[in-house]
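Here's a quick briefing for anyone meeting this structure for the first time. Have a look at the model, then read on.

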Amino acid sequence: MHSDRVIRTPGRLALLAWLIGASAAGAQLTPEWLTRFPVGDSLSAGLTGFYVEPGGTSYVTANDGDTSDTDITTAAIDSDGTILWTHTFNGPQNGFDQSRDVTLAVDGTLWVVGNTESPTAHADVLVLGYDAATGVLEHTIQYASQPALSESGHLIASDANGDIYVVGSTVGDGTDVMTLKFDSSGQLMWRQTWDGPGSAPFSLDSVKAVAIDPNGDLYFSAGDPSPN
């Protein structure tokens, strides 16, 4: 069984501190606490998203389960390392469910994004909305722009109104970047795609990071492999 861990050290996120300790010879950091929870034995099992609110509560999401049936486990961890709640999501097809990112909205909804298996065995965008205080699943969004097309959510951000932006991938002349905006109740507001200048077979566009400025404008960085 794999086991994910979240570590907190004084004044910094322990995940960052742990990575520094792993790469810097002789470096030694002492965590204030160490919390583990099992995530199964799939090759893709492990931590996929991490968010810490100003009060010190950590929210993590991970891929869980076995190789043929991965699920999504999300947890809230108090500032002293105590696990407040966990929730495991298994999609309606009882197949592959994968998380990619997590964020906390101003209304207290914890949003997790990734993908789930569709009835045609393709990937649909999956967005899960939890009550951050209790772990109750309040919203389940499964989105596909058309049948039998593989699409996925990779990153998620929320604005000052509680609306959420999902940036991920769709199929075009290769892989294109797809952006979806949902309101705070989970209703789709709009969809946009971005196709980089690369030509086939190099048109494999992928999103790397996403941010929202104080004016509510959305920014994302993307990769576009090209031979030129």
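Let's start with a pair of residues: Leu180 has Arg191 in β15 as its bridge partner. Right beside that, Lys181 is matched with Trp190, again in β15. Keep in mind that this is a predicted model.

**The β14–β15 hairpin**
- Strand β14 covers residues 174–182 and strand β15 covers residues 188–194; the two run antiparallel and are joined by 6 bridges.
- Together, β14 and β15 make a hairpin, with 5 residues between them.
- Look for Gly186 in the turn, where phi is positive at about 95°.

**The sheet around it**
- The hairpin strands belong to an open sheet of 4 strands, ordered β12-β13-β14-β15, with antiparallel pairing.
- β12 (152–158) and β15 each have a single partner strand, so they sit at the edges with one side left without a neighbour in the sheet.
- On average, neighbouring strands of this sheet are turned by 25° against each other, ignoring direction.
- As background, strands of a sheet pair through backbone hydrogen bonds, either parallel or antiparallel.

**The whole chain**
- Zooming out, the protein chain has 17 strands and 1 helix.
- It's 228 residues in total, and 45% of them count as buried.
- Take the contacts between residues at least 6 apart in sequence: 47% of these join residues at least 24 apart.
- The protein chain exposes about 11000 Å², and 51% of that comes from carbon and sulfur atoms.

Technical notes:
Residues numbered from 1 in each chain as written. Predicted model: local features only at pLDDT ≥ 70, side-chain atom pairs only at ≥ 80, totals over all residues. Heavy atoms only, no water. Pairing = 2+ DSSP bridges. Axes fitted to C-alpha atoms, helices over the stretch in contact; angles between N-to-C directions. Buried < 20%, exposed > 50% of the residue type's maximum accessible area, 1.4 Å probe, protein only. Contact = heavy atoms within 4.5 Å. Areas by Shrake-Rupley, 256 points an atom, 1.4 Å probe, with all protein chains shown as cover.
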